[in-house]
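User: Please take a close look at one strand in the interior of this model and describe how it sits among its neighbours. I would like a connected account that works outward from that strand.

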Number of protein chains: 2
Amino acid sequence: MVHFVGVEAMIRLVGKTGPREFLTGLGNAIEHDFRRWERFEKTPRIASHSKDGVIELMPTSDGEQYGFKYVNGHPKNMKEGLQTVTAFGVLSDVSTGYPVLVSEMTLLTALRTAATSAMAAKHLARSGSRTMAIIGNGAQSEFQAIAFAAMTGIEAVRLYDIDRSASRKCAANLSRHGLDIAICASAQDAVAGADIVTTVTADKQCATILTDNMVGEGLHINAVGGDCPGKTELHKDILHRSKIFVEFTAQTRIEGEIQQLPQNYPVTELWQVIAGRKDGRSSPRDITLFDSVGFAIEDFSALNFVRDQALSHGIFEELDLVADLPDPRDLFGVLRHGQGPLCGPHRPVAAA
Amino acid sequence: MVHFVGVEAMIRLVGKTGPREFLTGLGNAIEHDFRRWERFEKTPRIASHSKDGVIELMPTSDGEQYGFKYVNGHPKNMKEGLQTVTAFGVLSDVSTGYPVLVSEMTLLTALRTAATSAMAAKHLARSGSRTMAIIGNGAQSEFQAIAFAAMTGIEAVRLYDIDRSASRKCAANLSRHGLDIAICASAQDAVAGADIVTTVTADKQCATILTDNMVGEGLHINAVGGDCPGKTELHKDILHRSKIFVEFTAQTRIEGEIQQLPQNYPVTELWQVIAGRKDGRSSPRDITLFDSVGFAIEDFSALNFVRDQALSHGIFEELDLVADLPDPRDLFGVLRHGQGPLCGPHRPVAAA
């Protein structure tokens, strides 16, 4: 049987420890896999674009396990009361090819994106960073705030969204999490005094959420929302002043803020900093930019983390996804169970 | 909720009509999609190779629905009592990106492979073909026999396998299906007098199941087993004497029998014959070869056919795979249900 973690089970798993601890554990799992980055099979995601959005498959493997995520991005869904992004994922055993886990990843993608952001900031932001601005207060914003609070010591959050009701929703959700929260009147207002700025807007277009004059020395920018071809959030001038860190260069060149730069513009892969191969921030005056688009290895880490949590808490279902046969050559034989008249007396099978 | 068709449900669905009718309906669904081949998005499958086997993702879309299959191929599994090939698939709505169906495809792949083979033979084999040889009597063999009986009028089946117990298993499974069955001592013996030869062996290597002297005028060869790089079944001389038909040329050049031929060797895509764009067999003396490796569109057709069957018979489960939120921007809000202490009184959620 394949283990299944549905939406309800994911909610219960996060509830078992609370989101802070869950995000911290998840961030540690992702960091662990970034340290052994070279062991993973890496390909850019496989995208199917349509008028309204995109559906993507993101596979990877460390040679022992294989994982992939299915994820869509449909900005117009929001107006119809649907999620912009939904996702699910699968883990398999490389030695047999059998799937072992199917998990919802709509919630889990939000969690792993935030955990990755905070894990990156732990390595790149100035030590002593306490205040974060969040530009874009949609579905991802609270996860970002709590992950940064848990993993980097952020104490104050300054919110801005073109839709003020989104900021109010975010502030209300964060009200019991021990953070000092301010709703700001503009992006410029939100950024004022922030040590870290997270941009996480959803429009599928080249927007300029941050302009150069808003970015002071020493800032760490966590750019999460520019994550597909033609979608960016930062003015190009900011990129020229920043040390730029990415997940997987080949994918970020296509999807990230660095779409705006020449193909050979120097960037550093984050795993190299984590593994001690390359420098991260070299001075408190550096502007560091994590140009995050999301990569398959983060999903792989997340699926493994969820599998461990699900098994240790006994929170999962079993899925009748793979035929278990007495004789594997006799696949046809299993049909006899449902066949009735053709094969002797009718043997109805109970509803699964 | 996403509809789920597990192994037990698939067995019941096939049992509702019996395998002949199921395979015929499936073959018609595949033929329908081959006629509108140009509407589909086509990419070679995305493969992750390892020491023991391969895991593949096979996506496609017709612009309204998106489908993909996960499938593994691990020849050594058989010795461990596991399936060589297991699979599952997903259908989604392109306009929202939401998944609508998750289905087992271990059985369904066997069914669609056989239905595709028989559908191809309907267009390519000599009319009046009554006898088929099946070389390789493993998990796929019975499906082939029944699909050809149902869709092309095959009445006699001649079986050969290097493992005679596999032939006996196949013969026993086919004993109630109204076919004249012979177990043969050699491939040459099996092929003698056959109008159609199906090769469906499993070893991951270049084997020579058929040699040139075994292939007489007018034969239709349905080559199913040569389906990955380095794996072929036919001697090259046979290819030179045959009119060769393929599913998707770019993929077959990598995986099919035509790996043995130059990259520009002329082949015809089967959909062109079905759509009336190109000739199939032009004389009863032609040797026709369907060099089948399996393509994503066949899985797409199969998932749609199963979805129709599942809904019309009410045989499916519901899967808690996508979060349904009152406010889609408030993804974080759903966590409150599992959170307990952090958000007021503990509200345990019943096991899903």
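**A strand and its surroundings in chain A**

Analyst: In this predicted model, the strand to begin with is β16(A), from which A:Ile287, A:Leu289 and A:Asp291 point one way while A:Thr288 and A:Phe290 point the other way, all of them being buried. In a regular strand the side chains alternate between the two faces of the sheet. Burial here means under 20% relative accessible area, and because five of the five residues of β16 (residues 287-291) of chain A are buried, the strand is largely enclosed by the rest of the structure.

The neighbours of β16(A) can be taken in turn. Strand β12 (residues 220-223) of chain A pairs with β16(A) in the parallel sense over four bridges, and within this pairing A:His220 stands opposite A:Thr288. Strand β14 (residues 242-246) of chain A also runs parallel to β16(A), to which it is joined by five bridges; here A:Ile244 has A:Leu289 of β16(A) as its bridge partner.

Following the pairing beyond β12(A), one comes to strand β10 (residues 196-199) of chain A, which pairs with β12(A) over four bridges, again in the parallel sense. In that pairing the bridge partner of A:Thr198 is A:Asn222 of β12(A).

These pairings belong to an open sheet of eight strands in chain A, in the order β9-β8-β7-β10-β12-β16-β14-β15, with parallel pairing. Its edge strands are β9 (180-183) and β15 (268-269) of chain A, each of which pairs on one side only.

Helices of chain A also meet this sheet. Helix α4 (residues 141-152) of chain A lies across β7 (131-135), β8 (156-160), β10 and β12 of chain A, and runs at about 165° to β7(A). Helix α5 (residues 164-174) of chain A packs on the sheet as well, touching β8 and β9 of chain A, with a direction that makes about 170° with that of β9(A). Strand β12(A) is thus both a partner of β16(A) in the sheet and one of the strands that α4(A) lies across.

Finally, a word on the second copy: chain A can be laid on chain B with an RMSD of 0.0 Å by a turn of 180° and a shift of 0.0 Å along the axis, so the two copies are related as by a two-fold rotation axis. The same surface serves both copies, since 100% of the contact residues of chain A recur in chain B.

Conventions: Residues numbered from 1 in each chain as written. Chains lettered and ligands numbered in written order. Predicted model: local features only at pLDDT ≥ 70, side-chain atom pairs only at ≥ 80, totals over all residues. Heavy atoms only, no water. Least-squares fit on C-alpha atoms with pLDDT ≥ 70 in both. Contact = heavy atoms within 4.5 Å. Buried < 20%, exposed > 50% of the residue type's maximum accessible area, 1.4 Å probe, protein only. Helix = DSSP H or I, 4+ residues; strand = E, 2+ residues; numbered from the N terminus. Pairing = 2+ DSSP bridges. Axes fitted to C-alpha atoms, helices over the stretch in contact; angles between N-to-C directions.
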